[in-house]
Amino acid sequence: MLDAMLNIQGLTVAYGGIQAVKGLNFHVQKGELVCLIGCNGAGKTSTMKAIAGLLPFKANEASFKGAIDLITLPAHKRLGNGLALVPEGRGIFTRMTVLENLELGANARLQAGTQKSEVLEDLDKMLALFPRIKERLKQSAGTLSGGEQQMLAMARALMGKPDMLLLDEPSMGLAPLMVEKIFEVVQQVHRDGMTVLLVEQNAHIALQLANRAYVMDSGLIDYEGKASELINDSRIRETYLGQIPQ
Ligand SMILES: Nc1ncnc2c1ncn2[C@@H]1O[C@H](COP(=O)(O)OP(=O)(O)O)[C@@H](O)[C@H]1O
Ligand SMILES: [Mg+2]
């Protein structure tokens, strides 16, 4: 696969005897924004966690940046190798301050020898992207609103300067205005060159942003194509876009 950032073939994830992901094949090219949509329980989060190394999985191939084998790479080495997950539910440290959360995001880089001055420059850039976070650096992260926590989770992941960002349902539980803001940032980060795999239940908004999309159902990929084509596909419209006002 020429220029694939992520290439997954035959991915399976099981909880005990129950298979949640049953043999997925998908890839994300460098610089692409690909979305993975599907109903609740389809296996999207299990897929993301497997890629991020948080769940055991099997695969025929799981390669990152062409050369890195995710089947054998330990979870704690994912970030240092350029793969960052913003998990469903955000996973920020609520008792730590906003700034401490952001510093944690850069830890792997500092340990790998990146100069602190460079990290501080990145922090400045990050805060320009997330002005709401900038105003709240000293607050404990638990006092942020849901949307602000989502922004913090994304900012923290970006502080690791990843090559690829995995976003699991960034809009979950947020008010429409905040959803819009979150997706503006996703779009901005993608425009600046980031490769993104985005899991969303809000198919309408995801398909508007993405280059390509995979539709998952019961642990399998049911459908794939260009986002612009899926948006106009009658079956997709009926199943996944039906309840969303146009
Ligand atoms: N920790 C778990 N233990 C057992 N089954 C689980 C667990 N997490 C998820 N599942 C099951 O795996 C399937 C896929 O779940 P998930 O990956 O969370 O789907 P999605 O993110 O698409 O909603 C569901 O049937 C769910 O009930
Ligand atoms: Mg999920």
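## A buried glutamine in helix H5

With 27 C-beta neighbours inside 10 Å, Gln150 counts as buried, because the threshold for that class is 20 or more such atoms. This residue belongs to a predicted model, in which Gln150 lies in helix H5, a segment running over residues 146–159.

Once its neighbours within four places in sequence are set aside, Gln150 is in contact with Arg90, Pro170, Leu174 and Ile182. Leu123, by comparison, is 27 residues from Gln150 in sequence and lies 17 Å from Gln150 in space, C-alpha to C-alpha.

## The chain as a whole

The secondary structure of the chain comes to 9 helices and 10 strands, and its C-alpha atoms fill a box of roughly 50 × 45 × 35 Å when this is taken along the principal axes. For 246 residues, a compact globule would be expected to have a radius of gyration near 18 Å, and the chain, at 18 Å, agrees with that expectation.

Buried residues account for 39% of the 246 residues. Of the contacts between residues at least 6 apart in sequence, 67% join residues that are at least 24 apart.

## The shell around ligand 1

Ligand 1 is surrounded by Tyr15, Ile18, Ala20, Gly38, Asn40, Gly41, Ala42, Gly43, Lys44, Thr45 and Ser46. Two elements give two or more residues to this shell, namely strand S2 (18–29) and helix H1 (44–52), and H1 supplies the largest share, with 3 residues. Sorted by class, the shell has 4 nonpolar, 6 polar and 1 charged residues.

## An open antiparallel sheet

Strand S2, which contributes to the shell around ligand 1, also takes part in an open sheet of 4 strands, arranged in the order S2-S1-S4-S5 with antiparallel pairing. The edges of this sheet are S2 and strand S5 (68–69), each of which pairs on one side only.

Within the sheet, strand S1 (residues 4–15) and strand S4 (residues 61–64) pair in the antiparallel sense over 4 bridges, and Gln9 stands opposite Glu61 in S4.

## Two helices and their spans

Helix H6 (residues 176–191) has 16 residues, which at 1.5 Å a residue should span 22 Å, and its end C-alpha atoms are indeed 22 Å apart. Just after H6, Gly193 takes a positive phi of about 115 degrees.

Helix H3 (residues 116–129), with 14 residues, reaches 20 Å from its first C-alpha to its last, close to the 20 Å expected at 1.5 Å a residue. H3 is hardly covered, since the count of buried residues among its 14 residues is 0.

## Positive phi outside glycine

Most residues other than glycine have a negative phi. Two residues of this chain may be read against that background. Lys65, although not a glycine, has a positive phi of about 55 degrees, and its place is in the loop between S4 and S5. With 16 other C-beta atoms within 10 Å, Lys65 is partly exposed.

Glu169 likewise has a positive phi, of about 50 degrees, although it is not a glycine, and this residue is found in the loop between strand S7 (164–168) and H6. Its surroundings place Glu169 in the buried class, because 22 C-beta neighbours lie inside 10 Å.

Technical notes. Residues are numbered from 1 along each chain as its sequence is written. Chains are lettered from A and ligands numbered from 1 in the order in which they are written. This is a predicted model: local features need pLDDT of at least 70, side-chain atom pairs count only at pLDDT 80 or more; totals for chains, interfaces and linings use all residues. A residue is near a molecule or strand if its C-beta atom, placed from the backbone, lies within 6 Å of it. Ala, Val, Leu, Ile, Met, Phe, Trp, Tyr, Cys and Pro count as nonpolar, Asp, Glu, Lys and Arg as charged, and the others, Gly among them, as polar. The radius of gyration is taken over C-alpha atoms; the globule rule is 2.2 Å times the number of residues to the power 0.38. A residue is buried if 20 or more other C-beta atoms lie within 10 Å of its own, exposed if 12 or fewer, and partly exposed in between; C-beta atoms are placed from the backbone. Two residues are in contact if their C-beta atoms, placed from the backbone, lie within 7 Å. The expected span of a helix is 1.5 Å times one less than its number of residues. Two strands pair if DSSP finds at least two bridges between them.
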